[in-house]
Amino acid sequence: MKRFIALGIAAFSLAGPAMAIDYPEERGVVPSIVPPAPDESGRVNNVPQRSNLAPVAPAAKANSIDDYFARYDANHDGVITWNEAQVDPDLARAFNRADANTDGVLTRAEFQDAATIAITERNSAAGGTR
């Protein structure tokens, strides 16, 4: 009889966790999304909009070298002049070294060199590289 009770306890202790209610969102398996609930009239007012569910666009695309060039090129003439470069102290310091043909303006390629120079100087001043 003791064997039977011991066997029953062992079997129940193994089956106990399997019989418990499983909430997978507690383990991070299923996201906890509460479905829209109707109000007293039966109308559902809090329906999630599709824009809320859409993935966010990556930030790297908005920060390309062309985007930065367009921000500094205030008059949109395709080059960055010395006066346009004065809005950023790092760009102003790197301007003359990046102006390869010494014509007083930075083309897109020269602007990319200026950005590289400015980042290198900023990282060396901070005491390390990234």
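This is a short talk on the nonpolar core, the aromatic pairs and two unusual backbone angles in one structure.

Okay, let's start. Keep in mind that this is a predicted model.

First, the core. Which residues make up the largest nonpolar core? There are 11 residues in all. They are Phe-69, Tyr-72, Ile-80, Ala-85, Leu-91, Ala-94, Phe-95, Ala-98, Leu-106, Phe-111 and Ala-114. Three helices give two or more residues each: α4 (65-72), α6 (89-98) and α7 (108-126). Helix α6 gives the most, with 4 residues. In soluble globular proteins, nonpolar side chains tend to be buried together.

Look at Leu-91 next. What does Leu-91 touch, leaving out residues up to four places away in sequence? The list is Tyr-72, Ala-85, Leu-106, Phe-111 and Ala-114.

Now the aromatics. The whole structure holds 3 aromatic pairs. I'll take two of them. Tyr-72 and Phe-111 have ring centres 5.6 Å apart. Their planes sit at 55°, so this pair is tilted. Tyr-72 is in helix α4 and Phe-111 in helix α7. That is 39 residues apart, so the pair links distant parts of the chain. Are these two residues buried or exposed? Tyr-72 is buried, at 18% relative accessible area. Phe-111 is buried too, at 3%.

On to Trp-82 and Phe-95. This pair is edge-to-face, with 5.3 Å centre to centre and 80° between the planes. Trp-82 lies in helix α5 (residues 82-85), and Phe-95 in helix α6. The pair therefore ties together parts 13 residues apart in sequence. Trp-82 is partly exposed, at 39% relative accessibility. Phe-95, by contrast, is buried, at 2%.

One cluster to note: Phe-69, Tyr-72 and Phe-111 go together as a single aromatic group. All three also belong to the nonpolar core.

There is a charge over a ring as well. Arg-71 lies over the face of Tyr-68, 4.6 Å from the ring centre.

Last topic, the backbone. Which residue has a positive phi of about 55° without being a glycine? That is His-76. His-76 sits in the loop between α4 and β1 (80-81). It is exposed, at 65% relative accessibility.

Thr-102 also has a positive phi, of about 50°, and is not a glycine. Its place is the loop between α6 and β2 (105-106). Thr-102 is exposed, with a relative accessible area of 65%.

To close: helix α6 gives the most to the core, and Tyr-72 with Phe-111 links helix α4 to helix α7. That's it from me.

Conventions. Residues are numbered from 1 along each chain as its sequence is written. This is a predicted model: local features need pLDDT of at least 70, side-chain atom pairs count only at pLDDT 80 or more; totals for chains, interfaces and linings use all residues. Side-chain values use heavy atoms; hydrogens and water are left out. A nonpolar core is a set of buried Ala, Val, Leu, Ile, Met, Phe, Trp, Tyr and Cys residues joined through side-chain atoms within 4.5 Å. Buried means under 20% relative accessible area, exposed over 50%, partly exposed in between (1.4 Å probe, protein chains only). Contact means heavy atoms within 4.5 Å. Rings of Phe, Tyr and Trp (its six-membered ring) pair if their centres lie within 6.5 Å; planes under 30 degrees apart count as stacked, over 60 as edge-to-face and the rest as tilted. A charge sits over a ring if NZ of Lys or CZ of Arg is within 6 Å of the ring centre and within 35 degrees of the ring normal.
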